[in-house]
Amino acid sequence: MLYNSTENKQEVVSASQAIAQGISKDGGLFVPQEIPGYSLDTFKSMLTLDYKGIAKKVFSDYLSDFSEEEISECVEKAYTAEKFGSDNPAPLAFKSYNGNEVNILELWHGPTCAFKDMALQILPHLLTKSLKKTNDGKDAVILVATSGDTGKAALEGFKDVEHTKIIVFYPVDGVSPMQKHQMNTQEGSNVKVCAIEGNFDDAQTGVKKIFTTEEISEKLNDNNMMFSSANSINWGRLLPQIVYYISAYCEMVNSSKIKLGDKINVVVPTGNFGNILASYYAYCMGLPVNKFICASNSNNVLTDFINTGVYDKNRDFYTTISPSMDILVSSNLERLLYKLSGDNDIVTGDWMTKLKTEGKYEVTDEVKEKIKASFYGGYCDDVKTKATISKMFKEENYLCDTHTAVAVAVYDNYVSETGDKTPTVIASTASPYKFSNAVLSAVNNGEKLDMSEFDMVDKLNEISGVDVPKPLASLKDKKSRFSDVVKVDEMPEYVLNALGVK
């Protein structure tokens with residue numbers, strides 16, 4: 001199994017090189033040259049496997065330069081009951097909304113209470129093994145741009161991991177107070193956290209520019225270091241996300257919600273397009289999926305793209321109560337476009353160049369038709385998001401966060417528009433306590449309370465009776481370690497100074 005760049009098919013690397021490098025030299029993203037095909041018999045054989053077993057099977061089919069023992073070691077260390085609360089790190093909650101049964105895939109039982117843990121608990125193990133295979137002796141410098149959840153999950157995954165350093169950038173006013181406190185109190189001798197004056201897209205663009213600046217890379221090389229990424233642009237981040245969609249399907253079959261071979265719909269609250277792309281890769285492998293429902297907040301660039309074939313980031317940017325989706329440049333969409341264009345690196349590269357230079361591009365009619373056939377795009381604003389949280393809590397006694405609520409609301413619109421009753425999995429991406437202000441307001445009849453963040457957590461716990469996750473409760477008395485704020489154009493200098501490189 002080899003990988004090539006979405007913007008240059010001539011750049012071909014092994015799985016370990018793709019993970020170690022993170023992004024191709026031309027700025028493109030690494031994709032597998034072929035996708036393993038699973039028959040129904042394959043899925044049938046996985047019905048008897050636990051989550052770790054399914055993960056080992058999927059990884060072995062994509063990471064051909066890893067031994068069976070290496071894959072097993074990575075999986076066993078990542079998905080422990082101690083970290084995720086049970087042997088199933090991604091359980092389904094069976095609920096209904098407006099009379100429609102929904103299967104909520106809870107992806108937030110890990111150490112940072114967000115779905116990013118599903119990938120970022122295993123990525124450090126994959127990366128350290130990849131470095132030994134490809135760049136023996138070099139330290140990896142992990143650069144991360146975050147809209148909230150990736151930052152903390154990456155920091156937690158990489159803290160004190162030998163031969164790695166990690167630097168996280170986040171928009172100073174673009175994450176929730178809890179997300180900010182999680183990052184700024186992070187422990188570890190090899191971690192740095194810095195806010196930027198700008199939004200997530202500014203942070204993401206700044207990180208990609210640092211990655212592809214040859215002068216900076218040469219300075220790192222001279223100091224026995226190399227850049228890598230923990231964002232979902234890294235294949236090692238995306239691959240683990242495929243696993244939980246297959247696991248969810250197997251759980252639905254085992255619980256008699258569906259029969260083996262039945263199709264499902266998948267609903268994902270989407271910002272950078274990585275989480276929903278993982279479900280599409282699972283579909284390409286053979287997972288029976290009817291429709292991919294892409295749910296956005298008021299930053300609805302993906303909704304417009306799915307409906308028109310025109311991607312246009314030249315629009316107002318909104319700061320919402322679902323901040324992890326406050327994104328106008330969805331990096332992983334590039335991988336989907338490469339696939340749908342027939343693995344055409346020339347046309348994919350052209351679209352990405354237009355996005356950088358003009359802020360927009362339009363795909364071909366053929367690609368538009370393929371997108372419309374598989375995807376549905378919808379969005380909802382903050383008012384609808386809060387109403388959905390309230391309704392779910394009152395009718396189902398189920399407390400969901402602001403991102404999951406966006407997915408539920410968009411799914412409800414989808415059913416109203418189409419009448420499609422296909423059994424549906426909704427990706428639930430974070431604990432409601434990470435966004436306690438908005439969630440508390442939603443379940444407390446809209447009343448705004450003048451409280452500190454942790455007083456709101458306690459109040460929400462009192463009203464809902466839902467336990468506060470231990471990783472969040474333990475933050476209450478922790479002191480911040482990091483308070484740096486820089487302009488976007490100061491990011492390269494900050495990185496070099498943080499690494500002690502001149």
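## Helix H23 and the residue after it

Gly500, which comes just after helix H23, takes a positive phi of about 70°. In this predicted model, helix H23 spans residues 491-499, and its buried residues are Met491, Tyr494, Val495, Leu496 and Leu499.

## Strand S5 and its two partners

Strand S5, made up of residues 100-106, is mostly covered, since six of its seven residues are buried. Strand S4, which covers residues 92-97, runs antiparallel to S5 and is joined to it by six bridges. The two strands form a hairpin with two residues between them, and in the turn Asn98 has a positive phi of about 55°.

S5 also pairs with strand S15, residues 424-428, but here the pairing is in the parallel sense and extends over four bridges. Asn103 offers a way to see both pairings from a single position in S5: this residue is the bridge partner of Phe94, and Asn103 also stands opposite Val425 in S15.

## The largest pocket

Rolling a probe the size of a water molecule over the atoms shows where empty space is left. The largest pocket of this model has a volume of about 820 Å³. Its lining consists of 29 residues, of which Pro124, Glu156, Gly157, Lys159 and Val161 are the closest to the pocket centre. Three elements give two or more residues to this lining, namely helix H4 (68-78), helix H7 (123-134) and helix H8 (149-158).

Helix H7 provides the largest share of the lining, with six residues. When the lining residues are sorted by character, they divide into 13 charged, ten polar and six nonpolar residues.

## Salt bridges linked to the pocket elements

Side chains of opposite charge can pair when their charged atoms come close. Over the whole structure, a search finds 19 salt bridges. One of them is formed by Glu73 and Lys129, whose closest N and O atoms are 3.3 Å apart. Because Glu73 lies in helix H4 and Lys129 in helix H7, this pair ties together parts that are 56 residues apart in sequence. The two partners can also be described by their accessibility: Glu73 is partly exposed, with a relative accessible area of 34%, whereas Lys129, at 15% relative accessibility, counts as buried.

Another salt bridge joins Glu156 to Lys159, and in this pair the closest N and O atoms are 3.2 Å apart. Lys159 counts as partly exposed, with a relative accessibility of 29%. Both Glu156 and Lys159 were named above among the residues closest to the centre of the largest pocket.

## A salt bridge within helix H18, and a network

Lys391 and Glu395 form a salt bridge in which the closest N and O atoms are 2.8 Å apart. Both residues lie in helix H18, which spans residues 382-396, and they are four residues apart, or about one turn of the helix. Lys391 counts as partly exposed at 24% relative accessibility, and Glu395 also counts as partly exposed, at 49%. Elsewhere, salt bridges that share partners join Lys52, Lys56 and Glu76 into one network.

Definitions and conventions:
Residues are numbered from 1 along each chain as its sequence is written. This is a predicted model: local features need pLDDT of at least 70, side-chain atom pairs count only at pLDDT 80 or more; totals for chains, interfaces and linings use all residues. Side-chain values use heavy atoms; hydrogens and water are left out. On a 1 Å grid over the protein atoms alone, a cavity is a set of points where a 1.4 Å probe fits but cannot get out, and a pocket is an open set with protein on both sides within 12 Å along at least five of seven lines; lining residues have an atom within 4 Å of a point. Grid points are joined across faces, edges and corners, and a volume is the space filled by probe spheres set on the points. Ala, Val, Leu, Ile, Met, Phe, Trp, Tyr, Cys and Pro count as nonpolar, Asp, Glu, Lys and Arg as charged, and the others, Gly among them, as polar. Buried means under 20% relative accessible area, exposed over 50%, partly exposed in between (1.4 Å probe, protein chains only). Two strands pair if DSSP finds at least two bridges between them. A salt bridge is a side-chain nitrogen of Lys or Arg within 4 Å of a carboxyl oxygen of Asp or Glu.
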